[in-house]
Amino acid sequence: MKKTEHSTFSNIFFFLGILFKISPALVIGECLWKIMLSLPTKLVAVLGIKYVIDIATGDGNKTKIIYAVLIIAAVIIISRIISWLYREFYWNVAKEKTQKGLSEKFYEKAKQLDLESYDNPHFYNSFILAIEASAGSFQGILNMVSGYVNELVSLITIGTIILAIDPVCLLIILVTIIIFTPISRKIGKLQSQRRIDNNRLHRRADYFARIFYLQDYAKEVRMNGIKSLLIERYNEAADDVIENQRKYVKKIDTIYFFQENGVQIIGFMFILPLYLGYCVLKSHTLSAGDFVATFNGAANIASAFAFLTIHITRNFSEQSRMIEKYREFLKEKSRIKDGKHTADNNVAEEIELKNVSFTYPGNSEPTLKNISLTLKPKEKIALVGYNGAGKTTLTNLLLRLYDVTDGEILIGGRNIKDETVASHRNRFSAVFQDFQIFAASLGENVALNINPDRKEVQTALEHAGFTKKTENGIDTELLREFDDNGTMLSGGEAQKVAVSRAFYKSCPYVIMDEPSANLDPVAEYNLNKAMMEAAENKTVIFISHRLSTTRNADKIYVMENGTIIESGTHSELMSKNGKYAYMFNLQAEKYQKA
């Protein structure tokens, strides 16, 4: 994958554009909400107090102070009410809708990508994690952008007011801030590096934490003495995090002390007050209200300037790295392209593999080497061989989960690359070795769609030998992600549900990768018998390490090191007394001894 680096602000505006397309009102509303919540208070601290002090120290009507206080209170109350109404009655719903829209965008993209992308460690570690984090990241980015707009508006507004009062005051404020800006940048860099180091060290500590609460590790942790080792490693990782915090806190706090005191004491407690005092008491060019307004405004300007130049830049930089991953993810192109023809999914046709070779991305050695074979319509074939021989890879190529590196695959005389991907895959039903049960109803798990045919589901489950009594029949919810009372299946029961998918789908070709791996011998025999009967008019390709299941296949292909070393019927291969006969006799001997 070609990596292109974008600037921080390019990434921020890119992601902001995505959010704006999903919910423009939310983006605009967040910016206005921040301004509404913050600016009135700042204006009161500058203009409101100036007005009150000028009246109190002048010769005017003192009752105006009461009206001024009432107006100030009304402005603050109204701004808070508007902010509260926005947050309570719009923001919560809009946030969830935006999060949903953002997740849908990324999930839709993920669905379109090839398996090759998932084989790429950079893709899996970076992009999949980016998708998982996207829902939480968008609000953080929106907060930063709205905060940036708010502080920019505050800086311009308060700066304009102080400029109108006395340009020299504004000059003193800006010069003081600019002088100490390099120190602020140093703090920003240290804080950014601390966060990077903390994230790296936290990942180590979090790994050991996950081991203790994930069910996947529960048996291993309880059945041996690794618990003490894990706790020791966790303590080491946690201590590293603590030590890292100590290292940075000393540096940051020391530099921050000089930066904060430099701006506050030298600039705002010494130089600015001296100048303001001179203007008020000596030259009488400023009023007492101007003094307070300028002094309060200086603090606001310093805060806004620091936010815009240091704090926000650091956080934008961190978020930019995540957005860079989003951009690369969204740009990722599928290597498996649609053909122009729509495949026929009604009739089984001849399947031909011509000199097919395949090398997984990143590997130097091919997994499949020059495979050629022909499958007749409605033929039942078995692929056998040791682990790593290339059996599953061959079926993945048939399904176009990957494309061949060399050679071609033809169905009905047409290269499968000439078909649309969806129509080609639609003519296959596949039961994978690493099948998954989804948090959905039993019927939906069989049909793999939202509107299952109840009769067909029941028939498919019967063919697969699924006899478990469920409370609500095929409407029974499986797993407990969405239903606390969801039904949990044993390994064998789950495999029968997976196998039933092959019986349910109306298509001419069936691929079954280890369909009986979790079944007992009786269930295995019944499944094979039912499979052959139900798939009478289909081409069936099945992979099995239990060679007793291959006896009734029309043809058996023995694979080793990515090549076909033997082929024929069970009888033919047994008479050859080759690799197949050796494996079959070895398994038969074990059964006989048992």
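This passage describes a helix, the salt bridges, a pocket and parts of the surface in a predicted model.

Helix H10 spans residues 391-398 and is mostly covered, with seven of its eight residues buried. The buried residues are Lys391, Thr393, Leu394, Thr395, Asn396, Leu397 and Leu398. Thr392 also lies in helix H10. With a relative accessible area of 30%, Thr392 counts as partly exposed, because the buried class ends at 20% and the exposed class begins over 50%. In sequence, Thr392 is 119 residues from Ile511, while the C-alpha atoms of Thr392 and Ile511 are 9.9 Å apart in space. After H10 comes Arg400, a residue with a positive phi, near 60°.

Arg400 also takes part in a salt bridge. Its side chain meets that of Asp403, with a distance of 2.8 Å from N to O. Arg400 is buried, and its relative accessible area is 2%. In another part of the model, salt bridges with shared partners join Lys50, Asp54 and Asp290 into one network.

In total, the structure holds 12 salt bridges. One of them pairs Glu151 with Lys42, and the closest N and O atoms of this pair are 3.4 Å apart. Glu151 belongs to helix H5 (residues 121-165) and Lys42 to helix H2 (residues 24-57), so this salt bridge ties together parts that are 109 residues apart in sequence. Glu151 and Lys42 are both buried.

A further salt bridge links Glu243 and Arg246, again with 3.4 Å between the closest N and O atoms. Here both partners lie in helix H8 (residues 226-282), and they are three residues apart, about one turn of the helix. Glu243 is partly exposed, since its relative accessible area of 46% falls between the limits of 20% and 50%. Helix H8 also contains Glu236. Glu236 is partly exposed as well, at a relative accessible area of 40%. Glu236 and Arg204 are separated by 32 residues in sequence and by 9.6 Å in space, from C-alpha to C-alpha.

The largest pocket holds about 1,500 Å³ of space. It is lined by 39 residues, and those closest to its centre are Leu401, Arg425, Phe432, Phe438 and Leu448. Several elements give two or more residues to this lining: the helices H3 (64-112), H4 (115-119), H10, H11 (421-426), H12 (442-447) and H14 (491-504), together with strand E6 (428-431). Helix H10, described above as mostly covered, is therefore one of the elements that contribute to the lining of the largest pocket. When the lining residues are sorted by class, 20 are nonpolar, 10 are polar and nine are charged.

On the surface, Ile66, Tyr67, Leu70, Ile71 and Val75 make a nonpolar patch of about 530 Å². Val75 is located in helix H3, which is also among the elements that line the largest pocket. The relative accessibility of Val75 is 38%, and this residue counts as partly exposed. A residue needs over 30% relative accessible area to be part of a patch, so Val75 meets this condition.

Key:
Residues are numbered from 1 along each chain as its sequence is written. This is a predicted model: local features need pLDDT of at least 70, side-chain atom pairs count only at pLDDT 80 or more; totals for chains, interfaces and linings use all residues. Side-chain values use heavy atoms; hydrogens and water are left out. Buried means under 20% relative accessible area, exposed over 50%, partly exposed in between (1.4 Å probe, protein chains only). Helices (H or I, at least four residues) and strands (E, at least two) are DSSP runs, numbered from the N terminus. A salt bridge is a side-chain nitrogen of Lys or Arg within 4 Å of a carboxyl oxygen of Asp or Glu. On a 1 Å grid over the protein atoms alone, a cavity is a set of points where a 1.4 Å probe fits but cannot get out, and a pocket is an open set with protein on both sides within 12 Å along at least five of seven lines; lining residues have an atom within 4 Å of a point. Grid points are joined across faces, edges and corners, and a volume is the space filled by probe spheres set on the points. Ala, Val, Leu, Ile, Met, Phe, Trp, Tyr, Cys and Pro count as nonpolar, Asp, Glu, Lys and Arg as charged, and the others, Gly among them, as polar. Patches are made of residues with over 30% relative accessible area and no salt bridge: like charges are joined within 9 Å, nonpolar side chains (Val, Leu, Ile, Met, Phe, Trp, Tyr) within 5 Å. Accessible areas come from the Shrake-Rupley method with a 1.4 Å probe; for residues, only the protein chains shown count as cover.
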